[in-house]
Amino acid sequence: MRTSKVFGWLYPLALALLLLLAACGSSTGGGSGSSTTSGTVNTPGGQVQVALQGGSFTQGPTSAQVNPQGYQTPYGGISFTAQVPQAGGTLTVTLTFPQDLPQGAVLLKCTSSTACNPIQWAQIQGRTATFQVRDGGPLDADGQANGRIQDPVALGVPNPDFTIALDPDTLTVQQGSSGTTTLTLTPQNGFTGQVTLTLERQDGTSAPSGISLSPGSVNVAGSGPVTQTLTVSVESSVAAGSYALRVKATSGDLTRYANLSLTVTAPPTPPAAPSELRLTPSSPTAIDLRWTDNSDNEEGFRLERSTDGTNFSVIATLPANTTTYTDTLPSPTTYYYRVKAFNTAGESSPSNVATNSWAKGYLGAKYFSSNEYQ
Ligand SMILES: [Ca+2]
Ligand SMILES: [Ca+2]
């Protein structure tokens, strides 16, 4: 009574175990000629079928751990040993995966858990990867034509990656100001996620204090390139000069760089003041003015006139490098003149003030005081 109860419980378990063994890694058929043997292996990515033509399993297939550089291995490694009827014989291996293989997928031959190289002549189509391995050939891990083929392989999917580029990659920014460039981030192999952006020197040391980048990150959601305007701000404390910088884009273990040559310039300064303003009568009602141009950065000159020597107003705006002007006098009175140079940064201080002392002699140029300075 008790015994039959135990067996009644054990029997289905044993059956289940047998079925499980049959599903996982058992081989069928013989090992000669063009016969095919196949087995399945449970991998982290699902069940993979391994079919051999021209040989038979002696061990495996089993799941193996591999960690090749530059690739993800969603199905891990698949390891098996097979027998071929003749030493030096060739085995055709077909792996059938549970899903269509992603773009860029390659079959890797691993000689250790990290040393894996693409099998260039493997055929990858849909859900299957097919390759041939010759006993004693380069893919046979035992390296000998001994009728036995040792074959750990893995399906490699290139790691998600991205590239970055800047346009322009040179910037000129004035102290206390900012400039912009456009970052283009191109995802590869399905990369998505947030990418942190920082600015540093091209030698990998941190960016000079006072030079900053914004925004500090960019998000990649789709498969297309992402463009982002980057602002490079330069505080007025940053010394003028050239800086070899780079944008560092980081996401997880991935880091990519794009060089940026930054030139920091000092803001323009107002021009030097003109000097030696002199007046000469050109007629009883006109005066020639002449001055010395002391600057090479002026945009022009402003000539100012006053009747009291205190309150001046502009009577003429003149182009750069002008040193003469003829003023027609509105009335026979005393006028005071001064001249200033100017550019975008502002005006110079005024020149000397010169006066015609007109009241002394409206009718006679001989009374003209042509060179009075204050
Ligand atoms: Ca061999
Ligand atoms: Ca000049």
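**Strand β6 and the cores**

Reader: In β10, which residue is the bridge partner of L91?
Author: This is a predicted model: local features need pLDDT of at least 70, side-chain atom pairs count only at pLDDT 80 or more, and totals for chains, interfaces and linings use all residues. Residues are numbered from 1 along each chain as its sequence is written, with chains lettered from A and ligands numbered from 1 in the order written. Strands are DSSP runs of E, at least two residues long, numbered from the N terminus. In β10, L91 bridges to V133.

Reader: How many bridges join β6 and β10?
Author: Strands pair if DSSP finds at least two bridges between them. β6 and β10 (residues 128-134) run antiparallel, and their bridges number 7.

Reader: Which residue in β6 is the bridge partner of A51?
Author: β2 (residues 46-53) is antiparallel to β6, with 5 bridges. In β6, A51 bridges to T94.

Reader: Which β6 side chains are buried?
Author: In a regular strand, side chains alternate between the two faces of the sheet. Buried means 20 or more other C-beta atoms, placed from the backbone, within 10 Å of the residue's own. T90, T92, T94 and T96 point to one face and are not buried; the other face holds the buried L91, V93 and L95.

Reader: Which strands each supply at least two residues of the largest nonpolar core?
Author: A nonpolar core is a set of buried Ala, Val, Leu, Ile, Met, Phe, Trp, Tyr and Cys residues joined through C-beta atoms within 7 Å. The largest has 34 residues; I78, L107, L108, A154 and L155 touch the most other members. The strands are β2, β5, β6, β7, β10 and β12.

Conventions
Buried ≥ 20, exposed ≤ 12 C-beta atoms within 10 Å, placed from the backbone. Helix = DSSP H or I, 4+ residues; strand = E, 2+ residues; numbered from the N terminus.
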